[in-house]
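Student: I am new to this structure, and I would like a close look at a single part of it. Could you walk me through the place where the two domains meet?

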Amino acid sequence: MACVTRESLAAEFARHYPGPASPKFWRAPGRINLIGEHTDYNLGFVMPMAIGFSTYVAAAPSHDGKLHAYSTNLNDAREWTPGSLQPAGDWGDYVAGVAKVLVDYQPMNLLIHSEVPTGAGLSSSAALELSVALALLDGRMMEPLDLVRLCRRAENEFVGVPCGIMDQFISGLAKENTALRIDCRGLEYEVVTLPRDVVVVAVNSMVKHELGNSAYRTRVAECAAAARMLGVENLREATTDGGDKRARHVVSENARVEEFRAACAAGDLHKMGELFVASHRSLQHDYEVSCEELDFLVDTAITIDGVYGARMTGGGFGGCTVNLVAPDQVDAFETSITQVYRNRYQIEARVYRSTPAAGAGPF
Ligand code: ADP
Ligand code: MG
């Protein structure tokens, strides 16, 4: 399915679930986090935007009493009966987890198709959760923030990833043409319009180091320990870092989100770029969640004409960088960064130009 349409989804649906049912269609986007990395689970500030890649679900009631899911990406099917919504340690947990927290049990046929690269730091997981949640709700209304909270709960409690709320929040509530600056403590948000004379470009390193999952858990635990050491409930409340490197990243990154917001409002692209690079250095040296390939992409990008700044985006240990590039230099940037990366690692990086997309809804 090159270009996803309702017709292409309906055709795939009919192939996997023969019968007369006509499915409904749902969609939820992936995201790029502009700035505010590893701050969400510390109840701090983040500034993500949804991207043009989405996960789509075609859904209709099933007639065998079971919940079925088929992923076109993995060419793999799962099914559950009312008593079998238990974690199995595979991709089906995202579906079963959402079913469990949302509606407990719903006999449905789900066909899942995603454009979001998985494990690349663009949040294919939240896109999957939100699109499945809408499919299972089947048009029933739910407060968007409640939906977002439930999808996060599915990932925390069922999949077992101790993530913050950013990914589900932006996939659920994104607005077209704007990023959101989210306060992950009170869940208030405001829309942030990016200056017109800049393009957000993600570069996929195409690597994912195994260390990522365990390091994420370790960082969550280290932040809790740092908060205890500082005598605060969480690192959002910290005003100093007490010499702790993890706390220094979180405290300084929260401040950078606020500075970035001001720089956006002032149209100060150079300041925005500087903050990107400062964020990357903090993630590289203080938080220690970058990797050689991401550092190489950032170090290379900032030497290329028309690049205001670059940083890793997402959890780290691979995945994507995000770059702020002058519109008339994007083609040259793409050629240059992919060539230098190929020469160094013999890997074909993928480049995605992104404009802020709308959040989850019917398709
Ligand atoms: P990210 O959210 O950055 O893409 P995660 O590790 O959080 O990375 O989530 C990726 C996982 O989500 C995949 O390994 C898979 O289990 C699940 N997933 C995402 N999209 C799909 C899909 N279209 N089909 C099946 N599983 C998917
Ligand atoms: Mg994820």
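Tutor: Happy to; here is a walk through the contact between the domains, followed by a few residues worth finding on your screen.

A word on the ground rules comes first. This is a predicted model, in which local features need pLDDT of at least 70 and side-chain atom pairs count only at pLDDT 80 or more, while totals for chains, interfaces and linings use all residues. Residues are numbered from 1 along each chain as its sequence is written, chains are lettered from A and ligands numbered from 1 in the order in which they are written, and side-chain values use heavy atoms, with hydrogens and water left out.

Let us begin with the two partners. The protein chain is assigned domain 1 (6-192) and domain 2 (199-354); such bounds come from an automatic or database domain assignment. Taken over C-alpha atoms, the centres of domain 1 and domain 2 are separated by 25 Å. To their contact (heavy atoms within 4.5 Å), domain 1 brings 35 residues and domain 2 brings 39 residues.

How much surface do they hide? Between them, domain 1 and domain 2 bury about 3000 Å², and 63% of this is on carbon and sulfur atoms. Buried area here is the accessible area (1.4 Å probe) that two parts lose on being put together, summed over both. On the domain 1 side, Ile-35, Glu-37 and His-38 supply 22% of the area buried against domain 2, more than any other three residues.

Charged and polar groups also take part. Five salt bridges are counted between domain 1 and domain 2, each being a side-chain nitrogen of Lys or Arg within 4 Å of a carboxyl oxygen of Asp or Glu. You can look for a salt bridge between the side chains of Arg-181 and Glu-258, at 2.6 Å from N to O. Across the interface of domain 1 and domain 2 there are also 19 residue pairs in polar contact, both residues at pLDDT 80 or more. A polar contact is a pair of N or O atoms within 3.5 Å; within protein, one must be able to donate a hydrogen and the other to accept it, and residues adjacent in sequence count only if both atoms are side-chain atoms.

Which elements of domain 1 face domain 2? Those giving two or more residues to that side are strand S1 (24-35), strand S2 (45-61), strand S6 (179-183) and strand S7 (188-192). S2 gives the most, with six residues. Helices (H or I, at least four residues) and strands (E, at least two) are DSSP runs, numbered from the N terminus. By type, the residues on this side of domain 1 divide into 18 nonpolar, ten polar and seven charged. In that division, Ala, Val, Leu, Ile, Met, Phe, Trp, Tyr, Cys and Pro count as nonpolar, Asp, Glu, Lys and Arg as charged, and the others, Gly among them, as polar.

Now zoom in on Phe-45, which is found in strand S2. Phe-45 counts as buried, at 11% relative accessibility; buried means under 20% relative accessible area, exposed over 50%, and partly exposed in between (1.4 Å probe, protein chains only). Leaving aside neighbours within four places in sequence, the contacts of Phe-45 include Arg-181 and Glu-258, the two residues of the salt bridge you have just met. Others that Phe-45 touches are Gly-36, Thr-39, Ile-182, Asp-183, Arg-236, Asn-254 and Val-257.

In the loop between S1 and S2 you will find Leu-43, which is partly exposed with a relative accessible area of 28%. The phi of Leu-43 is near 60 degrees, a positive value in a residue other than glycine. For background, most residues other than glycine have a negative phi.

Next, turn to Ser-279, in helix H8 (residues 269-286). Ser-279 is buried, with a relative accessible area of 0%. Not counting residues up to four places away in sequence, Ser-279 touches Ile-35, Glu-253, Arg-256 and Arg-311. With Arg-311, the side chain of Ser-279 makes a polar contact of 2.9 Å.

Finally, look at helix H5 (residues 166-173). Eight of the eight residues of H5 are buried, so this helix is largely enclosed by the rest of the structure. Among the elements that cover the buried residues of H5 are S1, S2, S6 and S7, the strands you met on the side of domain 1 that touches domain 2. Helix H3 (124-137) and helix H4 (144-159) are also part of that cover.
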